[in-house]
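Here's a quick briefing to keep beside you while you look through the model. Take it topic by topic, with the view open next to the text.

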Amino acid sequence: MQNMTVDDIIDGMVKITLNAQSLVDEAELLSKNKYHARAYTLSHIAREEISKLYILFKVGIEVIAGKKYDYKKLQKRFNNHKSKIQFFSIPYYIDGLNGKYVEGINKRKNESLYVGYEQSKFQSPSDAISEHVANRTIELAINTILKSHLQITKNNPQFKLNWI
């Protein structure tokens, strides 16, 4: 991630968006087949993936301005789940709830994957994630992708999602 050009950043943004779209497509298939916990997981990961766009956008501005960016910090943010969750939790950050909200979202993601122990009993992912929660997260992921797509296509009209 060192010495990226604007073209590298745009290429990354396009690939991130397409990957997020694929994750949501797969989440919808899982949800339709009643695998709601895994549908939640993939739609959550799609939202984390889209968060990388905002990270890259900032780096793009620095590159255009001729400034050096901290590529080690960039790599760390790309791989840190809580950092990416913060990007889709901005309204909660403004309200001062960001820390607890991010922890709760990360906990829910883990509950969608692993058997846990809550309130003196074991809880499977299918117990932890309802159909409603899974479908709501899919909707949120789709909306985030579509909003990001609008921003990308302003400067790159050749880029088109499969959905549109």
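Start with Y117, which is exposed, having a relative accessible area of 51%. Keep in mind that this is a predicted model. Y117 pairs up with F122, and that pair is a handy way into the strand region before we turn to the helices.

**The aromatic pair**

- How many aromatic pairs does the structure hold? There is one.
- The partners are Y117 and F122, arranged edge-to-face, with 4.9 Å from centre to centre and 65° between the planes.
- That angle is called edge-to-face because the planes are over 60 degrees apart.
- F122 counts as exposed too, at 63% relative accessibility.

**The loop between β1 and β2**

- Strand β1 covers 116-118 and β2 covers 121-123, and Q119 sits in the loop between them.
- S120 is in the loop between β1 and β2 as well.
- Q119 isn't a glycine, yet its phi is positive, at about 50°.
- S120 has a positive phi too, near 65°, and again the residue is something other than glycine.
- Are these two loop residues buried or exposed? Q119 is exposed, with a relative accessible area of 74%, and S120 counts as exposed at 63% relative accessibility.

**The overall build**

- The secondary structure adds up to eight helices and two strands.
- Reading from the N terminus, the order of elements is α-α-α-α-α-α-β-β-α-α.
- The protein has 164 residues, and buried ones make up 40% of them.
- Take the contacts with a separation of 6 or more: residues 24 or more positions apart account for 65% of those.
- About 10,100 Å² of the protein is exposed, and carbon and sulfur atoms supply 54% of that area.

**How α1 and α2 sit together**

- Helix α1 spans residues 6-32, and its axis comes within 8 Å of the axis of α2, crossing at roughly 170°.
- What does that make the two helices relative to each other, parallel or antiparallel? They are roughly antiparallel, since angles over 145 degrees count that way.
- The residues of the contact of α1 with α2 break down into 20 nonpolar, seven polar and four charged.

**Two buried residues in α2**

- Helix α2 runs over residues 36-64, and H36 has its place there.
- H36 counts as buried because its relative accessibility is 11%, and the cut-off for buried is under 20%.
- Which residues does H36 touch, leaving aside its neighbours within four places in sequence? The contacts are S31, I129, S130, E131 and A134.
- V59 is also in helix α2.
- V59 counts as buried, with 5% relative accessibility.
- Skipping neighbours within four places in sequence, V59 is in contact with M4, I9, Y69 and L74.
- V59 and V6 are 53 residues apart along the chain, and their C-alpha atoms are separated by 9.0 Å.

**To take away**

- In the strand region, look for the edge-to-face pair of Y117 and F122, then for Q119 and S120 in the loop between β1 and β2.
- In α2, look for H36, buried at 11% relative accessibility, and V59, buried at 5%.

How values were computed
Residues are numbered from 1 along each chain as its sequence is written. This is a predicted model: local features need pLDDT of at least 70, side-chain atom pairs count only at pLDDT 80 or more; totals for chains, interfaces and linings use all residues. Side-chain values use heavy atoms; hydrogens and water are left out. Helices (H or I, at least four residues) and strands (E, at least two) are DSSP runs, numbered from the N terminus. Buried means under 20% relative accessible area, exposed over 50%, partly exposed in between (1.4 Å probe, protein chains only). Contact means heavy atoms within 4.5 Å. Axes are lines fitted to C-alpha atoms, for helices over the stretch in contact, and angles run from 0 to 180 degrees between N-to-C directions. Angles under 35 degrees count as roughly parallel, over 145 as roughly antiparallel, 65 to 115 as roughly perpendicular and the rest as oblique. Ala, Val, Leu, Ile, Met, Phe, Trp, Tyr, Cys and Pro count as nonpolar, Asp, Glu, Lys and Arg as charged, and the others, Gly among them, as polar. Accessible areas come from the Shrake-Rupley method with a 1.4 Å probe; for residues, only the protein chains shown count as cover. Rings of Phe, Tyr and Trp (its six-membered ring) pair if their centres lie within 6.5 Å; planes under 30 degrees apart count as stacked, over 60 as edge-to-face and the rest as tilted.
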